[in-house]
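Please work through the following exercises with the sequence and the structure side by side, and try each task before reading its solution.

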Amino acid sequence: MEIIVAATVGLLVALGVWMMLDRNLVRVVLGVVVIGNAINLAVVSVGRLGGQAAAFVAAGEVPAQAANPLPQALVLTAIVIGFALFVFALGVLKRAWVEHGTTETDRVTAQAETPAPDLPVDKPASGERA
Amino acid sequence: MKALLVAPVLVPLVTLILCLLARRQARRVAVLSTLGALALCAVGGWLVAVAAGGTVLAGQMGGWAAPYGISLVIDRLSAALVAITGVVGLATVVYARSCDGDAAGGRDFHLFVQGLLTGVCGAFITGDVFNLYVWFEVLLISSFALIVLGGGARRVSGTVVYLFLNLLATLLFLLSAALLYGATGTLGMAGLAEVFGAGEATPGATVALVLMLLAFSIKAALFPLFGWLPASYHVAWAPVSALFAGLLTKVGVYALIRLVTLVWPEAGPAHGVLLWVACATMLVGVLGAAAQTEVRRILSFHIVSQVGYMVLGLALATPLALAGAVFYLIHHIVVKANLFFVGGLAARMAGSERLAAMGGLYAHAPWLAILFAIPALSLAGIPPLSGFWAKFVLVKASLDIGAWVAAGVALLTGVFTLLSMSKIWNEAFLKAHPDGPQALRTPARTRPAMAVMAALAALTVAIGLGAGVVMDYAVAAAAQLSDPAGYIAAVRGEGG
């Protein structure tokens, strides 16, 4: 069983890397998500997949064939964090589209390499932003 | 004691919540944020006072006993870093009062700064690998928001680079933490130290550990994984750049130091690799800086090169070298943040941060010139400033064990650093402004910025003149680092 999961993880990571190499930023974002999910799968599998029973432990006894609860707790955390990062990445993607009018990775990132613009003369405090 | 143990995380977190509650009044948010940073400084100072005596504060969260609960551990190194984090946080928040012109100012800035401080302090005090991952995420998501704050095509562009490379590093970290658990059955750093110390580590565990060190190396911007840093730091708002320059890579360096000293207290093959990486990082960083023509891009490359020094101390693995790394860490955070602060104000006075478009600042603002010269000379390692002692100890430690190449590279890097700093000095301060002296501006409200830069410069001078005291602390911290048994005992000692 672990072998199958390991192979799946490898396949998904390969797919994710391939997508990240794309010129289009949208596919790069999706590639990161695919890799993230592959790694979540890997996290679940490190607890070994033999256990079948839920890991509810009555005082003093351990159920036979209990699943390892720790990786499940870890992966829950990782999924939530990954989701938040994905949403942020989508937000940046949208801004990049609005600001640059393109989602071509090279053209978006090239802007940071241009010479620094001249700074505007200081205006009085602009106060609270909307 | 337990309250003090969680205070480094609780203080910025509570400040963040208070700022959120007061979010309608921008000024109140700024005041709360300043007070919160001040409180963090106080907590840091208290922790240093407690830890200086040799006490290792440790506790288990959630009431679970030692091997199961999440440990928080504060030794000398963690305490010093929490204190310095408080100082840089406070400096950033106060400095930001002088920079109204940018859309990035306002309450969001303060919220994310507090979020970042929470994550950074959490990373410095945790004793659990997965918990470290969570703190990395906390600081990372705050830093994503901070770097893009204010918007604009250039910032979004830099954010894309920063975002994706850090996301990859994070995923690598998560995978390696999981694999490490699968191979050793523990996520606690003390547990890992026991497994590796007893020689029970399987090859799989070693591979997982190396993968984790690789993830930290991306965070710390080590050669050849530093590309994201100089490609992104210069686009952010000046106070944000300074905060990042001071703290972010240093969290990666701290994680490297903590983990490597725990699992491999004796020099081994990993240290040999780290030694070469450190030398390459120093040289490539400083050479990269030589090719740059903008203030913050030069300084960004110097972050890379300086990280090399700290890793050099870790790689040499003698007590003196480790002390040098600790000293360097403390000195560098102050100096680097200060240089970015000065650079930000200099750019606003000259109207640009391109060196070609700058000039005349020495005549226009002599105080600023002096405030640049102090951290710049310190960075290059001129006695009696703090950077001299940091470099001196590392070079001596290299020579002691016959690492001639490392010592040579460290000295050469110092020379190139001086060259870079004099380039900024000549171009931005000495030469006349290309558009004539009337092109120079006097921004409104520079007083908070000046106060911050003067205070940090004074701190640099104080570390230099009082090097004996700081070095004693660093030597004691290094002694704790090279004794994993003490760390394990501290974690196991308290029943939770």
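**Exercise 1. Describe the surface of chain A and the charges of its side chains.**

Begin with the accessible area: in this predicted model, chain A exposes about 7,900 Å², of which carbon and sulfur atoms supply 68%. Turn next to the charged groups, where 8 positive side chains stand beside 10 negative ones, with the centres of the two sets 6 Å apart. Finally, consider burial, for which the cut-off is under 20% relative accessible area; 32% of the 130 residues of chain A count as buried.

**Exercise 2. Work out the secondary structure and overall dimensions of chain A.**

Count the elements to start with, which gives four helices and zero strands, in the order α-α-α-α from the N terminus. Then take the extent of the C-alpha trace, which spans about 70 × 40 × 20 Å along its principal axes. Compare the radius of gyration of chain A, 22 Å, with the value near 14 Å that a compact globule of 130 residues would have. As a last step, look at contacts with a separation of 6 or more, 51% of which are accounted for by residues 24 or more positions apart.

**Exercise 3. Relate the annotated transmembrane regions to the helical content of the model.**

Start from the record: an unreviewed UniProt entry lists residues 6-21, 28-50 and 70-93 of chain A under "transmembrane region". For residues 6-21 of chain A, the end C-alpha atoms lie 23 Å apart, and the span is 94% helix and 0% strand. For residues 28-50 of chain A, the corresponding distance is 35 Å, with 78% helix and 0% strand.

Notes: Residues numbered from 1 in each chain as written. Chains lettered and ligands numbered in written order. Predicted model: local features only at pLDDT ≥ 70, side-chain atom pairs only at ≥ 80, totals over all residues. Heavy atoms only, no water. Rg over C-alpha atoms; globule rule 2.2 N^0.38 Å. Buried < 20%, exposed > 50% of the residue type's maximum accessible area, 1.4 Å probe, protein only. Contact = heavy atoms within 4.5 Å. Areas by Shrake-Rupley, 256 points an atom, 1.4 Å probe, with all protein chains shown as cover. Lys, Arg positive; Asp, Glu negative; His and termini not counted. Charge placed at Lys NZ, Arg CZ, Asp CG, Glu CD. UniProt positions renumbered as here; feature names shortened; annotations may be inferred. Helix = DSSP H or I, 4+ residues; strand = E, 2+ residues; numbered from the N terminus.
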